[in-house]
Amino acid sequence: MANKLVAHMGLAQSIANRLAARNIRTAKDALSLPEFDLMTLLGVDMKDVKEAVARISEVACPPYQTALSLLEERLMNDTSGGRLPTSLTGLDDALGGGIPFGVLTELVGPSGIGKSQFCLKLSLLAALPASYGGLDGRVIYIDTESKFSSRRMIEIGRNSFPKIFHSEGMAQEMAGRIIVLRQTSLSEITESMILQCQFLPLHIYDQVTRASCFVYFFRSYCREKGSSSSSMSGSHPPKCPFSFLKSIAEFSRIPIVVTNQVRGHNNEEISRYSFLGKDTDLSVEKFETHHVAALGIQWAHAVTIRLIFEAHSGQKFIKVAKSPFSPPLAFPFTVTSSGVTLLADDGIEMIGQEIGMIRCQGLSMD
Amino acid sequence: MEVSVLPIASAHKEKLISAGYTTLLSIVGVSASRLAQELIIPHREAVEIIKVTLKCCRAVGLEGTHAVLKGSRTAWEMLSDEQNLKLIRTGSEDFDGILGGGIHCGQVTEMGGVPGIGKTQLGIQLAVNVQIPVSYGGLGAKAIYIDTEGSFMPERAYQIAEACIMDTWENLGFSRKEIEDCQEKMQPDHFLANILYFRICSYTEQIAVINYLDKFLEEHKDVKIVIIDSISFHFRQDFKEMVQRTIVLNEMSRQLMKLAERFAVAFLCCRFYYLIMSLQSIQKAHSS
């Protein structure tokens, strides 16, 4: 919409000519200038400028729809009710059915806690046929840490869905739907994302691959950026892939899951996203180490659902830290041969700031 | 003071009243040529009417100074306007109490917070609350939701609408008949149909939609709240020059205030807030 040509907007000829003469060709050029500047630039009355701007705005403005028609559209077009069920009943209930389409879901937690395991299982679930509760689609797995293990994934598959995986050729078919990309630099990632945008339409044409799921590991990205964990990157932030990712998710109506690495450092504060502020509760156990989520504020806003994986008091928990649907719940879990499993389907409700904290106890860190 | 006391032809009096000029003060601030246009009378007759009105005002002792400053009004006149301001309830009595009854129509309210704290949720809640029928204490109006981040989820709006309806039924004990009358309006689907949703993907579209609201609100007079979620999202990422960004943002905020006042519509703008880190914590973060 921003790039619509001014010449085609039905403006009065004299104004249109003047705009063209000043190289104001698109709606973006015209609307980025304040009206006063436009008036001086074009040499016309304020009244004419206001009329022209009103006309350009009307044409450049995207059409509206009612929330009801939006809901109906999504219900009609989305497979499996717009959600990817995670097979963890408690978590699915909390998220309204599973990982939602069209938005970014973030998994954050210390290294070794089980995020990759969760992602492997999610990839499988997306690839499974609809009759088994899957999306029957392809998965794009962008692995920046070279942590993807096919063997482990097939093991999870065999243990979680024995019926499918033991039948002839199914393992190959399922694994064949998961496309793994190994990228280690930011530029490669952005390049590949642009590429995906081009071959996504192919997925849509092909009836079998109606849904896809992306999984990214962003650790290498943050290494490249250096101290990207701080929220005060005062200088203009680089053109980040976050909003691009978000638009892909939204307009293709697919779930995008991203994992976020947590760095450890030794100080007395339990870590949390820096924007949450200080916690007044100082009863911290000494051997809990502290983490800072590796990507900054920009990222935090682009994400709609945040699941924090943490360990404390000898147990691991998945916390639903940010979600439009559910109250702040924490679910205890373990990692077994069939991937991540919940120990209890009823989440523990967390009050206050605790839901946003990331704790790690005695696990190895990078 | 009523127009009927003016010593002018009754035909003119009728024309004045049907054009909307019912008090002397409403005539005084108007230029003669505009009056002539609206009443379809010769210019000199309009001048005459204004002269007579001014004389009458002075005679009665009304202040005539505002006739000199076009568009100005006295504080007393504005008081009655302020008292008649419509309010949109947030659903929490205490919060409404702090706000003076609710979100004010005709004003721009800014809502700021860190990610995940509930700005979008409150926005959706207000978009639903504005629709509560007048007989139940609401405004019975529509809402516009301008979404710049893609965080609006219609299923969540549906949940909130359902809860709001149940809440309304519970809190107000109405007779069976009254409930049946409003049955049709108090359905979640109906509530969702009254939320007009714009999805904005760049700052150009954001500027375009705010400019277009001038015409849109004119055509949709039943809209009483516009929620912009969030107003700063695109400006954080896409602008290269800070100076231009500041100018554009100022222009936009002026436009919003003008629209709010002109159409007596509440504007709710969400924006991001960040924690300002102390020097100590910055050093700590860097040293690790």
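**Two helices and a sheet**

Visitor: In which hand does H7(B) pass H8(B)?
Guide: Helices are DSSP runs of H or I of at least four residues, and strands are E runs of at least two, numbered from the N terminus. A crossing is right-handed if the near helix is turned clockwise from the far one by less than a right angle, and left-handed if anticlockwise. In this predicted model, the crossing of H7(B) and H8(B) is right-handed.

Visitor: What is the relation of H7(B) to H8(B)?
Guide: Residues are numbered from 1 along each chain, and chains are lettered from A as written. Local features need pLDDT of at least 70, and side-chain values use heavy atoms. The axes (lines fitted to C-alpha atoms over the stretch in contact) of H7(B), residues 119-129, and H8(B), residues 154-171, come within 9 Å and cross at roughly 50°. The two helices are therefore oblique (neither under 35 degrees, nor over 145, nor 65 to 115) to each other.

Visitor: Which residues of H8(B) make the contact with H7(B)?
Guide: Contact means heavy atoms within 4.5 Å. H7(B) contributes Gln121(B), Ile124(B), Gln125(B), Val128(B) and Asn129(B). From H8(B) come Arg156(B), Ala157(B), Ile160(B), Ala161(B) and Cys164(B).

Visitor: Which residue stands opposite Ile227(B) in E7(B)?
Guide: Strands E6(B), residues 223-229, and E7(B), residues 266-272, pair (at least two DSSP bridges) in the parallel sense over four bridges. Opposite Ile227(B) stands Leu268(B).

Visitor: Which strands stand at the edges of the sheet?
Guide: The open sheet has six strands in the order E1(A)-E5(B)-E4(B)-E6(B)-E7(B)-E3(B), with mixed pairing. Two of these strands each have a single partner strand, so one side of each is left without a neighbour in the sheet. They are E1 of chain A and E3 of chain B.

How values were computed:
Predicted model: local features only at pLDDT ≥ 70, side-chain atom pairs only at ≥ 80, totals over all residues. Axes fitted to C-alpha atoms, helices over the stretch in contact; angles between N-to-C directions.
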